[in-house]
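Here is a walk through one protein model, from its overall build down to single residues. Keep the sequence and the 3D view open as you read.

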Amino acid sequence: ETSELTEHTPKEQWGSRIGVVLAVAGSAVGLGNFLRFPGQAAQNGGGAFLLPYFISLLILGIPLCWAEWTVGRYGGMRGFHSAPGIFSVICRTPKARYLSVFALLIPLVIYMYYIVIEAWCLCYAWNYATGALMMGSDAEAYESFFDSVVGSNQDGHVFGEGAGLLVFIGITFVANFILIYRGVAKGIETFCKFAIPAMVVCALCVLVRVLTLPDSDVDGGLGFMWNPQPEALLNPKTWLAASGQIFFSLSVGFGVIINYSSYLTKKDDVVLSGLTASSMNEFFEVCLGGLITLPAAFMFLGAGVASFGTFALGFNALPNVFAQMPAGQFFGFLWFFMLFLAAITSSLSMLQPVIAFFEEGFNLERHVSTPFLGIIALGGAFFVIYFSSGLKALDTLDFWVGTLLIFVLALIQAVVYGWVFGIDEGERQAHIGAHIRIPRFVQYMLKYVVPVYLGGIFIAFCYLNV
Ligand code: PFF
């Protein structure tokens, strides 16, 4: 039996080309697109936010995404699917695996709070389906429902007890782990092939409903979100927020894409696949997320929505909106069900890198690694639930892990790609099986511009916060 190094057949493989694109898009499209993006844009200059946002997309997002796809497949074809394995093969020294701890920790920690919000979505969808959430125009009723789900009243009350949240957390967990247990092609890919089209349909229905409401013009909802406030561009915080949003949203810098792309073969086109998945994410974010959440909330609630905060916007403001529109129960259900699908396809992508690590690092079989990870993740989620009297724990974790650590990991990835792996090798590897070419300057950007840009933002951030 001859086994050539580059011909290694991965233990698992994606079933189809469109499947892997949908799986990566599933990871990218999530709560970040529908809740985080509108919140960030509204707080950071409205329409003006789009300038730093698109600059970050072009300079950081797409180049790093290509680098991750390339390096992931390179590692996968040499038999490695976990970040420690891939990093040691890229850097040609096993010591490099220590560089990659963040690529395991970040997804796992994000999972521990993301899953809680995922369960809120399911809880809301269920309560719309049963009609319990159609409480007329009583804003206080929605607020107290929101409080009972997220436990945001501080009087020692346990998170979510009022709305039976534990049941929804249980269902969400089981759904996640069944899909993970079924594996990359049968679990993740099959589910994303159904979920992404379903999300497009649901979101388009809600979008058409919102845009055909009487006040959705530039003086009303759309204008509130999109009329630019150019002075925000002078504030470094706007630039920081924009690049943070790009990373979070594209799932770049987490160690997720290197894992997903490690199940590719040399026949796959990483250049086109990476670009397609990123474009799909931008469509969901700018066209759907950007046109639904805030404009709708503003139309019904006025400028006060700016003070709502990301979570309250989705879970407290929007139910008021659905209550006032014709067929609101139906659209409310569609919206929260769509959010649930978006969240689950993202949370799966946080688990798979860790599963790959358990299998590779400790030789665990799937029927051992899956429950093992389940126990760790469940413990973490309860930690989050128990210690968060309200939204504070989520915000704190989201900030430290979801914003700051990503910067560090993205910087490590850019340096390893540009300076250790090398841009010539990177360019060669990226184009194996590719139908389109990455312009040469993108490689120079990865080597010089990305580290400087990331380092600059990081320094500006530290400076701003002392
Ligand atoms: N990209 C996802 C979103 O926009 O909601 C979030 C996410 C996915 C974060 C995967 C981290 C991750 F590993």
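Two residues are in contact if their C-beta atoms, placed from the backbone, lie within 7 Å. By that rule G30 touches A342, A343 and S346, leaving aside residues up to four places away in sequence. Keep in mind that this is a predicted model.

Stay with G30 for a moment. G30 sits in the loop between α1 and α2. Is G30 buried or exposed? It has 29 C-beta neighbours inside 10 Å, so it counts as buried. Not every part of the chain is close to it: the C-alpha atoms of G30 and A317 are separated by 19 Å, and the two residues are 287 apart along the chain.

G30 also leads to the ligand. Which of the 16 residues around the ligand come nearest? They are G30, G32, P107, F254 and S346. S346 is also one of the residues that G30 touches. Several helices contribute to the shell around the ligand. α1 (17–28), α2 (31–43), α5 (101–129), α10 (236–250) and α14 each supply at least two residues. By class, the shell has 8 nonpolar and 8 polar residues, and no charged ones.

Now step back to the whole protein. It has 17 helices and 0 strands. Its C-alpha trace spans about 70 × 50 × 45 Å along the principal axes. A compact globule of 466 residues would have a radius of gyration near 23 Å; the protein has 22 Å, so the two agree. Of the 466 residues, 53% count as buried. Look also at which parts of the sequence meet. Among contacts between residues at least 6 apart in sequence, 83% join residues at least 24 apart.

Two helices deserve a separate look. Begin with α14, which covers residues 328–362. At 1.5 Å a residue, its 35 residues should span 51 Å. Its end C-alpha atoms are 51 Å apart, which agrees. α14 is mostly covered, with 28 of its 35 residues buried. Both sides of this helix have a backbone feature to find. Before it, in the loop between α13 and α14, lies A327. A327 has a positive phi of about 60° although it is not a glycine. A327 has 10 C-beta neighbours inside 10 Å, so it counts as exposed. After α14 comes N363, whose phi is also positive, near 55°.

The other helix is α3, residues 50–77. Its 28 residues should span 40 Å at 1.5 Å a residue. The end C-alpha atoms are 38 Å apart, which agrees. Where does α3 bend? The bend is at L57, by about 40°. α3 is mostly covered too: 22 of its 28 residues are buried. G79 follows α3, and its phi is positive, near 95°.

One more loop residue has a positive phi. R92 is found between α4 (83–91) and α5. Its phi is near 55°, a positive value in a residue other than glycine. R92 is exposed, because 9 other C-beta atoms lie within 10 Å and the cut-off for exposed is 12 or fewer.

Next, go to α13, residues 309–324, and find L313. L313 is buried, with 23 other C-beta atoms within 10 Å. What does L313 touch, not counting residues up to four places away in sequence? Its contacts are L35, G39, T293, A297, V305 and F308. Take T293 from that list. L313 and T293 are 20 residues apart in sequence and 7.7 Å apart in space, C-alpha to C-alpha.

Finish in α15, residues 366–387, where I376 is found. I376 counts as partly exposed, because it has 15 C-beta neighbours inside 10 Å. I376 and F336 are 40 residues apart along the chain, and their C-alpha atoms are separated by 27 Å. V368 is in α15 as well. V368 is partly exposed, with 13 other C-beta atoms within 10 Å. V368 and I459 are 91 residues apart in sequence and 43 Å apart in space, C-alpha to C-alpha.

Key
Residues numbered from 1 in each chain as written. Predicted model: local features only at pLDDT ≥ 70, side-chain atom pairs only at ≥ 80, totals over all residues. Helix = DSSP H or I, 4+ residues; strand = E, 2+ residues; numbered from the N terminus. Expected span 1.5 Å × (residues − 1). Buried ≥ 20, exposed ≤ 12 C-beta atoms within 10 Å, placed from the backbone. Near = placed C-beta within 6 Å. Nonpolar A, V, L, I, M, F, W, Y, C, P; charged D, E, K, R; others polar. Rg over C-alpha atoms; globule rule 2.2 N^0.38 Å. Bend = angle between axes of the 7 residues up to and from the residue.
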